[in-house]
Amino acid sequence: MDMEQLRGQAAAAFHDLDVPERVTLEDLRELLEDDRGKSIVIREVKELARNQISGLWFSLPETDLILHAETSSPLHREQIILHEFAHMALNHERLMDEEEHLATLLPDLSPSLVSKCLARCQRHTEPEIVAESLADLFADALARTRRAGRVEPGNFRGVFG
Ligand SMILES: [Zn+2]
């Protein structure tokens with residue numbers, strides 16, 4: 001496994017999205033919605049944590065659905081969502097098999113679906129490494145924006161407020 005090459009794939013996907021210098025989680029969501037022509041729905045699901053799953057993404061015909069485990073940490077929630085955003089930006093739905101697509105249409109999380117997702121979401125596979133690397137780039141961009149925000153909104157309000 002060539003880590004350098006995998007990180008390169010993540011950097012290329014980041015570049016393709018034209019992520020602006022200042023970006024929030026909501027901006028990223030809008031970028032991806034425009035890019036993919038679908039709305040993104042994000043829901044917290046308590047049951048996920050019990051199955052040791054932090055997040056899932058389902059590419060449905062009209063919607064990208066992200067389910068994330070209940071967490072008391074906004075930063076953890078953001079990390080989970082960024083990881084699923086990364087899979088979306090990388091068009092990883094091509095990796096899902098037919099059976100899994102059928103399973104996504106079920107209204108509740110069946111045990112078989114959960115086990116399939118666990119198999120897909122193993123951290124050491126190449127797609128997971130690329131997704132994690134892209135999620136890190138997203139997180140860096142958000143952190144930069146937050147740091148910059150501490151200075152500039154104050155100045156902005158000083159001028160216009
Ligand atoms: Zn993943």
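**View 1. The buried residues of helix α4 in this predicted model.** Start with the buried set in α4: Glu78, Ile80, Ile81, Leu82, His83, Glu84, Phe85, Ala86, His87, Met88 and Ala89. The helix itself has 16 residues. From first C-alpha to last, α4 reaches 22 Å, close to the 22 Å expected at 1.5 Å a residue. Just past the end of α4 sits Asn91, with a positive phi of about 55°. Two names on the buried list, His83 and His87, turn up again in the next view, as zinc donors.

**View 2. The zinc ion and its protein donors.** Which protein atoms hold the zinc ion as donors? They are NE2 of His83, NE2 of His87 and two OE atoms of Glu128, and they lie 2.1 to 2.5 Å from the ion. If you're after a neat geometry label, there isn't one here: the angles among the four donor atoms run from 55 to 137°, and the site is irregular. To count as tetrahedral, four donors would need all angles between 85 and 135 degrees. Along the sequence, the donor residues follow the spacing H-x3-H-x40-E. The pair His83 and Glu128 links distant parts of the chain, 45 residues apart, with His83 in helix α4 (residues 74–89) and Glu128 in helix α7 (residues 126–160). Are these two buried or exposed? Both His83 and Glu128 are buried.

**View 3. Helix α1, with a buried side and an exposed one.** Helix α1 covers residues 3–16. Its 14 residues should span 20 Å at 1.5 Å a residue, and the end C-alpha atoms are indeed 20 Å apart, so the two values agree. Buried here are Leu6, Ala10, Ala13 and Phe14. Why do they sit on the same side of α1? Because they cover an arc of only 105° around the axis. Turn to the other side of α1 and you'll find Glu4, His15 and Asp16 exposed.

**View 4. The two ends of helix α1.** At the N-terminal end, Asp2 acts as the cap of α1. One of the side-chain oxygens of Asp2 lies 3.1 Å from the backbone nitrogen of Glu4. Just after α1, Asp18 takes a positive phi of about 55°.

**View 5. The one aromatic pair of the structure.** Phe14 and Phe138 make up this pair, and their rings are tilted, with 45° between the planes and 5.9 Å from centre to centre. Phe14 belongs to helix α1 and Phe138 to helix α7, so the pair ties together parts that are 124 residues apart in sequence. Both Phe14 and Phe138 are buried.

**View 6. Val41 in strand β1 and its partner in this view, Ile66.** Val41 is found in β1, which runs over residues 39–44. How far apart are the C-alpha atoms of Val41 and Ile66? They are separated by 6.1 Å, although the residues are 25 apart along the chain. Val41 has a relative accessible area of 23%. Buried means under 20%, so Val41 counts as partly exposed.

**View 7. Zooming out to the chain.** How many helices and strands does the chain have? There are seven helices and three strands. Read along the sequence, the pattern goes α-α-β-α-β-β-α-α-α-α. The chain has 161 residues, and 40% of them count as buried.

Key. Residues are numbered from 1 along each chain as its sequence is written. This is a predicted model: local features need pLDDT of at least 70, side-chain atom pairs count only at pLDDT 80 or more; totals for chains, interfaces and linings use all residues. Side-chain values use heavy atoms; hydrogens and water are left out. Donors are N, O and S atoms within 2.8 Å of the metal (3.2 Å for Na, K and Ca); water is not among the atoms, so sites may look incomplete. Four donors count as tetrahedral if all angles lie between 85 and 135 degrees; four count as square planar and six as octahedral if opposite donors are over 155 degrees apart and all others between 65 and 115; anything else is irregular. Helices (H or I, at least four residues) and strands (E, at least two) are DSSP runs, numbered from the N terminus. Buried means under 20% relative accessible area, exposed over 50%, partly exposed in between (1.4 Å probe, protein chains only). The expected span of a helix is 1.5 Å times one less than its number of residues. The arc is that of the directions from the helix axis to the C-beta atoms. A polar contact is a pair of N or O atoms within 3.5 Å; within protein, one must be able to donate a hydrogen and the other to accept it, and residues adjacent in sequence count only if both atoms are side-chain atoms. Rings of Phe, Tyr and Trp (its six-membered ring) pair if their centres lie within 6.5 Å; planes under 30 degrees apart count as stacked, over 60 as edge-to-face and the rest as tilted.
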